[in-house]
Structures are given as C-alpha cells and as structure tokens.
Amino acid sequence: MILWWNVENLFDTHNDPDIDDEEFTPEGRNHWTQKKLALKRLRIKQVLDSINTSPEYRRYPDILAFAETENRTVFAGILKEIGSSPYKTLYIESPDKRGIDIGLAYNPQTVRLISSKFYIVPVGNDKPTRHIIIAGFSAGEHPFRLMLNHWPSRAFDKEWTEQKRITAAKTARHIADSLRRTDATIDLIIMGDFNDEPENRSIKQVLGSSGDAARVRRACSDLLYNCWSGYSGIGSYSYRNNWERIDQILLSCGMLQKKGLSISHNAFRCFYFPNMLAQSANRPYSTYHKGKYKGGYSDHLPLLLKVDIESAKKR
C-alpha cells in the first residue's frame, strides 16, 4: 500500500538562515511553536493509525510520501511513533526558497530500496521549485519505480503560472519516456501534488494522463492511467469551496497487467474520516486557513493505492 499526502507546512520551530522559514518560528507571523508542532505530529499520527485500523486496509502504508516537509529531522520525527516496524527514509533537499521538500519513507520488511535519483525542474533561478524524485524499489522480487512530484503552485493566477507546471510536466514526461524506452511495460507509479487537475494541459496533454485503462494498455509508450478515473468521492483539495483533484496517482500500462505489480478494482482512494473535514464539510480541516491558525490536519487529503503483487499476498 502506498500513500501520498501534502501535509501542509510541516516545519520545525527553528530559524534556518539558508531558507525563508521565518514565518514558521515562535516569533514569526504564524507563531509556530513546539506545542503547535506537537499537535501537527499528533494529527498525522491519527491519520496513519486510522489507516492501520481501517477494515479496508488493516496496516500502515508500506511506502509513504509527504509533500511540504522542511527537513529530514522533522520528517523522521513523525515516523518514529508510527507502527512497530521502523520506516527507513529517503530525503533529498530541494532548492525551494521556503525549504519545503518531499519526504519518502518505506518499510524495509515489505519493500527494498534499490536506487534513487532526482531531476531539476528548469523553471529559472528566480523561484526554483522542488526536484522530481525517482526511486527504484522491489517488492516480492518484482522491481518497480516510484516518481514523486510537487509542481509549482497556482499562486496569483493559474494561467500566469501554468508554463512552470508545463515545464515540470515535460521533465516528468522525459523521465517516464526514458524508463519506458528500456521497458515499455515497466511498473511505474507517478504521484504528487501537481497543482493542476487531470484535465489540465500539463497533465492530460504533456504528461499523457488518460482515464481510459484500455487505451492506456494500447499505448504503453505514450499514456498513463489516472487513478481518479471513475472515482466518485470528493477531491483532495478545496479551492473556494470547490473540491479539486490536484493530488494525483498515475500508473504505467504495466501496472494494469496482471503480472509483477498491478491494481484491482477500487485500489485507489482519497482517504479521510469526518474529523479531517472542516465543519462546512466542503474543505479539509487545515492547520491554517486564510492566515489564521485552526489546528487541523492539513489543507490536503491523502491518497492511498493498494497494490497487488504476483505470486504473493496482497500488499
């Protein structure tokens, strides 16, 4: 089982002189204290514990990736209290000026890390964005690749920033094409906070997202299956009280075949329980909302993907 979650500004309380994190200090604009960080950690633990006790899953994720983590220390601190089998981490610092990164953790008892690499998204030096991370794993002796993304935001104006997300999409597409040239049916899972929805140009046209599984199987070298296809639940993020699907999981055609790694019906879910939603129920119960501290979980909801492994029990 794999989890993706933008956890919304998981910062420590210290002022790092190398990044713009002053607002997340006790003296900063957000008055970010050890007490608030402790509650944030508790909230995240509650979500992961809820997955573990859910009748649908009954376990912690084998792999989890968090967006908006400040550093390895604060990311690892979250994981220490999760489950009985300690996670191992893969953490790559990004050039983001605020210092937010993607933290990746995995259970070494169920998956094995083979390789990792990061790619720079060339959006310019004025406001560099997060790296795209590619990690190679094996599960049940079957290799697979995981690609992690956190594309430039829609701050100020969606159209004004679109070109940066298209640049990120071209970078991700280049990585996927390189892998598929070696093996067209490679098991590849691409996930992240893309800050664009499945029908936007960066996702559909550049990255090659499709909601038609049969079409993806026929075009292994060109298309990716978008797991939101056919999903009837709410989105992972809310903008002006409208649910959006900017967090996504996309799969290569190899993941749609019943060999190696694959998925079954209803493998994908946007996970939440009632307390993870604001009282209005039309947005997540976030840590901050409109600049005010609320003490919630995150402004995004997590995504979960159950993966089947050939000749092994389901993960």
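This note goes through one helix, the nonpolar cores and the cysteines of a predicted model.

1. Helix H2 covers residues 72-79, and among its residues Val74, Phe75, Gly77, Ile78 and Leu79 are buried. An α-helix has 3.6 residues a turn, so residues three or four places apart point the same way. Keep that in mind when looking along the helix for Val74 and Ile78, both of which are buried.

2. What lies over the buried residues of H2? The cover includes four strands, S1 (2-10), S2 (63-69), S3 (88-92) and S4 (101-106), together with helix H1 (34-53).

3. The start of H2 has a contact worth finding in the viewer. There, an oxygen in the side chain of Asn71 comes to within 3.2 Å of the backbone nitrogen of Thr73.

4. The largest nonpolar core has 74 residues, and the members that touch the most others are Phe66 and Leu305. Strand S1 contributes the most to this core, namely six residues.

5. Which residues does Leu305 contact, once neighbours within four places in sequence are set aside? They are Met1, Ile2, Ile189, Cys227, Ile249, Leu251, Ile263, Ala267 and Phe268. There is also a second, separate core, made of 22 residues, with Met147, Ile203, Leu224 and Leu250 among them.

6. The structure has one disulfide. A disulfide is a covalent bond between the sulfur atoms of two cysteines. Here the partners are Cys220 and Cys253, with an S to S distance of 2.0 Å. The angle about the S-S bond is 110°, and the link is right-handed.

7. What does this disulfide tie together? Cys220 sits in the loop between helix H5 (213-218) and strand S10 (224-226), while Cys253 sits in the loop between strand S13 (247-251) and strand S14 (261-262), so the bond connects parts 33 residues apart in sequence.

8. Are the two bonded cysteines buried or exposed? Cys220 has a relative accessible area of 14%, so Cys220 is buried. The value for Cys253 is 0%, so Cys253 is buried as well.

9. Cys227 and Cys270 need a separate look. Cys227 takes part in no disulfide, and the nearest cysteine sulfur, in Cys270, is 12 Å away. Why is there no bond from Cys270 to Cys227? The sulfur of Cys227 is the closest cysteine sulfur to that of Cys270, but at 12 Å it is too far for a bond. A disulfide is counted here when the two sulfur atoms are within 2.5 Å.

10. Cys227 is buried, at 5% relative accessible area. Cys270 counts as buried too, because its relative accessibility is 1%.

How values were computed
Residues are numbered from 1 along each chain as its sequence is written. This is a predicted model: local features need pLDDT of at least 70, side-chain atom pairs count only at pLDDT 80 or more; totals for chains, interfaces and linings use all residues. Side-chain values use heavy atoms; hydrogens and water are left out. Buried means under 20% relative accessible area, exposed over 50%, partly exposed in between (1.4 Å probe, protein chains only). Helices (H or I, at least four residues) and strands (E, at least two) are DSSP runs, numbered from the N terminus. Contact means heavy atoms within 4.5 Å. A polar contact is a pair of N or O atoms within 3.5 Å; within protein, one must be able to donate a hydrogen and the other to accept it, and residues adjacent in sequence count only if both atoms are side-chain atoms. A nonpolar core is a set of buried Ala, Val, Leu, Ile, Met, Phe, Trp, Tyr and Cys residues joined through side-chain atoms within 4.5 Å.
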